[in-house]
Amino acid sequence: MTYFNKNMPSGVFNWRGANKWLLMVLLISSNQLIAKDINLATAINLMLKESPSLKIFELRKRSLDGAQYTAGLNPEIEMGFEAENFLGSKPYTAFDQSELTLSVSSVIELGGKKDARKNFVSTKYVLLDAQKKVKSLDLISELTDSFIDALATQERIKLAEESVRLSKDIYESVKRKAEAGAISDVEVKRSFASLKHAQITLQAERSKFERQSVNLSLYWFEKEPQFNRLSGELYDFGMVKDIDLLYEDLEKSKLIQVLTIKQRLAESRLEVVQAESKADVNWSFGVRRFDESNDAALTAGLSIPLFKRKRNKGNLMEVEAEIDASRSEHQIALLELYGQVNEFYSLRKSAIEKFNVLENEIIPALTHALELTKEAYLDGRYGYLEYSAARADLIQSKKSLN
């Protein structure tokens, strides 16, 4: 788009038209820069998609892919070469009396060793998937806590803004009375100091929210937040099941599933060790050449290691102990979870009761008290201390909601 006026001399730029175009661009840009809100669900989805702590499980899966490939391999086949009766004393000074043997050998696995190895690695896949889900839940819990803390700070910013507004109202009222000669300048200075304290608190809350916003965006690997406001209901407590039903759900929790799979993994390893207790058959087959007669003959052999089960007894004892330890960890984790659920359930109940009393009884009463105190102060029936104390009580009670 060119901004030239046809009535102007050639080559003269129409700055007025250009300014209009520039203003339009700036307006469009400002609309694009309008701050975005972000809610908890969006934050969780971003974290699950971009968190490096979860991507590492893909690398571990690739490692298991290699282990699964190795577990499915058959025993290797070896080629051997053997020379006998050469480079000795007469008549074996050269290779005239030598015997040369070329052979291949391998192992026949018995006891289902290959299937046991593959089952062991397959259980590791299941465990890795469960561990990823537990890690995801841990991150979701951490992110939720951080989000709620930041959301609380956002509410405290509103409260701090209200505190500044009330402090300004008090300051203006005190200043008018001082100008009328009804009170001394001492109360003006005290109300001014109170206003400054309120402004400092507001700035501190805003700075804290900026830090919390950065910490939130780091969960999805962004150094600079692409939002400036959180969307959510801080005081929406939702519905919670009866505590007995929560206890029943513990058996289905991801943590308990991980412990159960760990026990299955130990049992799968026991199957591998038990299979290894059964001796394999070593076989060989080859051709032997006799230089003295220039003849050849086939060779074959079988060998079985003795006392294999006895030599493997220590490994069996080790794995059986791991299975018992896994069962104990399962029971301990259940007990700890029962205790945590009971504690959190009680704390939540107390917090809701406290909130209801503050929201429905204390804060409305203090709001009305502040209005009455302001009227009494303006009429000269109350002093500055009563007016300031009524404001402080209301602000403190609202802070208690967070």
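## Report on a predicted model: strands, helices and selected residues

Leu87 is located in the loop that links strand 2 and strand 3. With a relative accessibility of 57%, Leu87 counts as exposed, because the threshold for that class is over 50%. Between the C-alpha atoms of Leu87 and Gln97 the separation is 9.6 Å, and the two residues are ten apart along the chain. The structure under discussion is a predicted model.

### Overall composition and confidence

The protein contains ten helices and six strands. Its 402 residues include 29% that count as buried. Among contacts in the protein with a separation of 6 or more, 74% come from residues 24 or more positions apart. The exposed area of the protein is about 26,300 Å², of which carbon and sulfur atoms supply 55%.

The average pLDDT of the protein is 82, and 89% of the residues score at least 70. Over residues 1–34, however, the pLDDT is below 50, and this stretch has twelve contacts in the model beyond near neighbours in sequence.

### Strand pairing

Strand 2 and strand 3, which flank the loop of Leu87, cover residues 78–84 and residues 99–108 respectively and pair in the antiparallel sense over seven bridges. Within this pair, Met79 stands opposite Val104 of strand 3. Strand 3 is also joined to strand 5, again in an antiparallel arrangement, by ten bridges. Here Val104 stands opposite Phe285 of strand 5. Val104 therefore has a partner in each direction, with Met79 facing it from one pairing and Phe285 from the other.

Strand 5 (residues 281–290) in turn pairs with strand 6 (residues 295–303), antiparallel over nine bridges. Gly286 has Thr299 of strand 6 as its bridge partner. Strand 5 and strand 6 form a hairpin with four residues between them, and Asn294 in the turn has a positive phi of about 60°.

The antiparallel pairings described above are collected in the table.

| Strands | Bridges | Residues standing opposite |
|---|---|---|
| Strand 2 and strand 3 | seven bridges | Met79 and Val104 |
| Strand 3 and strand 5 | ten bridges | Val104 and Phe285 |
| Strand 5 and strand 6 | nine bridges | Gly286 and Thr299 |

Beyond strand 6, the chain reaches Phe307, in the loop between strand 6 and helix 8 (308–311). Phe307 counts as exposed at 63% relative accessibility. Phe307 and Lys278 are 29 residues apart in sequence, while their C-alpha atoms are 9.4 Å apart in space.

### Helix 10 and its surroundings

Helix 10 comprises 17 residues, residues 384–400. At 1.5 Å a residue, helix 10 should span 24 Å, and the 24 Å between its end C-alpha atoms agrees with that expectation. The buried residues of helix 10 are Tyr384, Tyr387, Ser388, Ala390, Arg391, Leu394, Ile395, Ser397 and Lys398. These buried residues pack against helix 4 (113–179), helix 5 (185–218) and helix 9 (313–378).

Ser194, a residue of helix 5, illustrates this packing: leaving out residues up to four places away in sequence, Ser194 touches Ser167, Tyr384 and Arg391. Tyr384 and Arg391 are among the buried residues of helix 10. Ser194 has a relative accessible area of 18% and so is buried, since the limit is under 20%.

### Ser217 and the loop after helix 5

Helix 5 also holds Ser217. Ser217 is buried, with a relative accessible area of 0%. The side chain of Ser217 reaches the backbone oxygen of Val214 at 2.8 Å. Apart from neighbours within four places in sequence, Ser217 is in contact with Glu222, Lys223, Glu224, Pro225 and Phe227.

Phe221 lies in the loop between helix 5 and strand 4 (229–231). Phe221 has a positive phi of about 70° although it is not a glycine. In contrast to the buried Ser217, Phe221 counts as exposed, with a relative accessibility of 63%.

Definitions and conventions:
Residues numbered from 1 in each chain as written. Predicted model: local features only at pLDDT ≥ 70, side-chain atom pairs only at ≥ 80, totals over all residues. Heavy atoms only, no water. Helix = DSSP H or I, 4+ residues; strand = E, 2+ residues; numbered from the N terminus. Expected span 1.5 Å × (residues − 1). Buried < 20%, exposed > 50% of the residue type's maximum accessible area, 1.4 Å probe, protein only. Contact = heavy atoms within 4.5 Å. Polar contact = N/O pair within 3.5 Å; in protein donor to acceptor, adjacent residues only side chain to side chain. pLDDT = per-residue confidence, 0-100. Pairing = 2+ DSSP bridges. Areas by Shrake-Rupley, 256 points an atom, 1.4 Å probe, with all protein chains shown as cover.
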